[in-house]
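Today I opened the notebook with charged side chains in mind. I wanted to see who pairs with whom.

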Amino acid sequence: MAEETKTETEETTEDKPSESGLRQGVKASLSRMSQFFTGFVYPFRGLKMIFTHFRLFKYAIAPILINIFLFVSLLFIGKHYWQQLITRLAPDPSAPIYLIIVMWIAYYLAIVLGFVLFCLICFLLFAAIGSIVAAPFLDMLSERTEWVYWNKDEETPFSIKLLLRDLGVLLLEELRKLATWVFFMVCVSLFLLIPVAGQIIFVILSTTFSIYFLGLAFCDFSLARRRHPFLAKRAFAWRVRYHILGLGTAIYVSLLIPVVGFLCLPMSAVGGTLLFCEHSTEEERKFQRPDLEETKLLTEEVKAENEDTQQKEQA
């Protein structure tokens with residue numbers, strides 16, 4: 001009897017670690033899902049913020065117009081090449097019946113995978129080109145978003161001098177992002193050499209990375225503005241990786257919605273900035289800019305010019 005009790009006690013103690021491990025696993029999974037859905041909501045919070053704060057809306061007008069132009073252009077170009085691709089993939093009716101069946105199966109499989117890949121490339125090119133062209137306006141929108149979030153009243157006045165000063169840095173950052181995405185896609189495309197399974201693996205990996213890339217690209221405005229080094233950016237991106245995946249998924253989905261797609265660039269920039277504001281540390285929010293004093297001098301100079309202009313108008 002004592003031996004049976006001892007055996008039951010040992011079994012109970014062995015089950016407890018496994019049960020606690022299971023509970024921890026479930027909690028971790030729920031936490032990741034919560035972080036993902038929190039990140040998913042950020043672009044839509046950004047859209048609401050744009051339309052409730054006029055000083056954000058006026059900086060969103062230029063990205064919206066750029067968005068519409070790029071969207072319409074890529075739609076017409078994509079439609080043209082997609083029709084050509086479908087025509088070339090059509091099976092030859094003069095082939096033997098068994099070969100026609102195999103060709104039709106491969107045809108529809110290629111259409112499905114090709115459509116997913118085609119949409120992915122078009123949408124990412126749309127976001128990448130749009131981010132490069134609209135980078136100065138998106139950076140200003142991101143900066144004003146931080147001021148609204150932290151309830152700062154003083155704003156740096158708009159100036160061509162300040163815009164041109166940061167233009168080179170902004171374009172370089174956007175080109176680095178695009179080059180990183182292209183490099184990864186080239187590496188992953190090697191899976192296409194493997195029949196069927198390789199195509200499926202390619203679609204999964206390229207879609208996952210591209211969604212993460214989208215989210216990270218729109219979080220990077222706040223980090224790049226502070227001139228953080230690559231290691232600091234990587235640490236932030238890894239810590240909030242599930243939020244970024246949620247953000248990137250929301251951006252990808254919003255591109256599929258006709259009207260919302262036109263607002264994708266500004267709402268994503270505001271959403272990425274909100275993510276940074278709410279999940280960055282105090283150290284990450286510090287500016288690591290050796291040229292900050294020069295920027296302050298330029299800002300004071302612009303303010304002085306604006307005051308002189310107002311005094312002349314009043315006189």
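Here are my entries on the salt bridges, one pair at a time.

**Entry 1, the overall search.** I am working with a predicted model. How many salt bridges does a search of the whole structure find? I got seven.

**Entry 2, arginine 45 and glutamate 278.** I looked up this pair and found their side chains joined in a salt bridge, at 2.6 Å from N to O. Arginine 45 belongs to helix α1 (residues 2-52) and glutamate 278 to helix α10 (residues 264-279), so the bridge ties together parts that are 233 residues apart in sequence. I then checked accessibility: arginine 45 is partly exposed at 33%, and glutamate 278 is partly exposed at 30%.

**Entry 3, aspartate 139 and arginine 225.** Next I noted a salt bridge between these two side chains, with an N to O distance of 3.0 Å. It links distant parts of the chain, since aspartate 139 sits in helix α4 (residues 135-149) and arginine 225 in helix α6 (residues 197-225), 86 residues apart. Buried or exposed, I asked of aspartate 139? I found aspartate 139 buried, at 8% relative accessibility. Arginine 225 is buried too, with a relative accessible area of 5%.

**Entry 4, a network.** Which residues are linked with Asp139 and Arg225 in a network of salt bridges? I wrote down Glu146 and Arg226.

**Entry 5, arginine 144 and glutamate 143.** My last pair meets in a salt bridge at 3.3 Å, N to O. Arginine 144 is buried, at 3% relative accessible area, whereas glutamate 143 is partly exposed at 21%. The cut-off matters here, because buried means under 20%.

Definitions and conventions: Residues numbered from 1 in each chain as written. Predicted model: local features only at pLDDT ≥ 70, side-chain atom pairs only at ≥ 80, totals over all residues. Heavy atoms only, no water. Helix = DSSP H or I, 4+ residues; strand = E, 2+ residues; numbered from the N terminus. Buried < 20%, exposed > 50% of the residue type's maximum accessible area, 1.4 Å probe, protein only.
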